[in-house]
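Visitor: I should like a close look at a single part of this protein, namely a nonpolar patch on its surface. Please describe what forms the patch, and then place it in the context of the chain.

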Amino acid sequence: MRSFLSSLFSVKRPRPMQSLIAVVGATGTGKSKLAVDLASRFNGEIINGDAMQMYRGLPIITNQIPLEERNGIPHHLISCVELDEESWRVGMFRRECLRLIDDIRARGKLPILVGGTHYYTQSVLFKDNLVGKESTQDQELESIPAEDLDSSIKWPILDADPEVVMQKLREVDPVMADRWHPKDTRKIRRSLEIYFQTGKPASQVYAEQKQLKQAVAAKDESALGVGQLRFETMIFWVHSEKATLNDRLNKRVDDMIDQGLMSEANRMSDYLQEKESQGVTVDSTRGVWVSIGFKELAPYFEAVRDGSKTDKELETLKQTCIESVKTATRQYSGSQIKWIRNKLWNALAEAGLTGRLFVLDSSNVEDWAKNITDPSERLVQSLLKGEPLPDPKSLSDLARTTLGAKEAQPQILDANPITKCMTCEVCQKTMTNEDQWNVHINGHAHKRVVKALARRAQRDEYLRKQQESLDNDQVKVNSGASEQDSKTPPP
């Protein structure tokens, strides 16, 4: 009887989905340390989700976690791409990451995905509903294309001049063509690729997915999130107060300089020069070449090669470039936070799964164990045991403030995702959304141009009237001379 009752109660709860831990957050908040802590505690392995850290030979400029800080934990997809290799697109990353997750689980370990390239990690967390197996969600399209590796072979026009690609997109999908800025070549290319893959305009594909979500929500609100996450996922958002984080980032750049940032950036610059001398063109607009720390220091290395500046001028330029690295780092951290607050939060909200996002306060590193280690370990234990999870706002004051602000905002599931670019004919600038448009037309630069054009118009009108007056006077003079000539008797 006892064995019968034991077997009866042992199956009362269904076995949960296989778990995945994701660690997100701005640069400098401690994501890598948390991932190592959790992997050490729960027999895990780490998958890097930072696009820059995939490049080999640049540990400082890409902020790779040092070997001595990895605690012997295997780290996948880190330092695995050479400088001369084609940079990975999000579709390739997703496929390899999913393969690694299966492999890690097959060895009885817990996969932990960590990184700051959030459209990479988000493509793994959520199932694709667009464009079949090789699709991307709308948020990925807004950041980077996810085409198949052989897309250019299938459809050569994808590698044509941007104007040609845009013209073709206007023919097959004018709605999406109006959405993108003319310089957003990757987004334009991806929209056209979706048309080739599906036979439908990308705008129609997005509209159909929106209708599907609305239909599911209308039928059963509790089923809204079913199947949208690939795994039984817990997401840790390692977050810090802005002022504290900015100070930390400034100091980290100084530390990177001490550790050899200038040397790494110089090697990258020399590499480009060598390739140029060989007649090889390197696309410096993508991949590691847009990493923070290289492009900001490039003017200094160019000046050194040029040899036209004094030592004092070079040192001044160097310090200016270093300040640019700090500024760009702070701005990047802001964009990462914005992605989490908007893209990731909205995706979770649409799935009814915001309760899976836990904010951990890393503002005070001296309280790491109290604010990070202890709560994260308790949460992971609850996830693995299938126990109820606490309210994410209960973890800290920062969590309550951050998540409470998002929950207070109305969630609009049926908003039209297709926006339209607007071009200011006065300034010849194109904005991708209404917010940018309002900022532009109310900005000082636009107003200065408008005033300058108004003054120019007044000046042109004044000159036109002056010329008209002179012409009239000349006509009168000519008329008077003709009349005098008619009165003068012939000789």
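Guide: In this predicted model, Val426, Val450 and Leu453 together make a nonpolar surface patch of about 190 Å². One of these residues, Leu453, belongs to helix H18, which covers residues 444–487. Leu453 has a relative accessibility of 33% and therefore counts as partly exposed, since that class lies between the limits of 20% for buried and 50% for exposed. The value also bears on membership of the patch, because a patch residue must have over 30% relative accessible area.

The patch may be set against the surface as a whole. The accessible surface of the chain amounts to about 26,700 Å², and carbon and sulfur atoms contribute 51% of that area. The chain has 491 residues, of which 43% count as buried. Its secondary structure consists of 18 helices and eight strands. Among contacts with a separation of 6 or more, 74% are between residues 24 or more positions apart.

Another helix, H9, illustrates the buried part of the chain. Helix H9 spans residues 185–198, and its 14 residues reach 20 Å from the first C-alpha to the last, close to the 20 Å expected at 1.5 Å a residue. The buried residues of H9 form a list that contains charged as well as nonpolar names: Lys187, Ile188, Arg189, Arg190, Ser191, Leu192, Glu193 and Ile194. After H9 comes Gly199, with a positive phi near 80°.

Technical notes
Residues are numbered from 1 along each chain as its sequence is written. This is a predicted model: local features need pLDDT of at least 70, side-chain atom pairs count only at pLDDT 80 or more; totals for chains, interfaces and linings use all residues. Side-chain values use heavy atoms; hydrogens and water are left out. Helices (H or I, at least four residues) and strands (E, at least two) are DSSP runs, numbered from the N terminus. Buried means under 20% relative accessible area, exposed over 50%, partly exposed in between (1.4 Å probe, protein chains only). Contact means heavy atoms within 4.5 Å. Accessible areas come from the Shrake-Rupley method with a 1.4 Å probe; for residues, only the protein chains shown count as cover. Patches are made of residues with over 30% relative accessible area and no salt bridge: like charges are joined within 9 Å, nonpolar side chains (Val, Leu, Ile, Met, Phe, Trp, Tyr) within 5 Å. A salt bridge is a side-chain nitrogen of Lys or Arg within 4 Å of a carboxyl oxygen of Asp or Glu. The expected span of a helix is 1.5 Å times one less than its number of residues.
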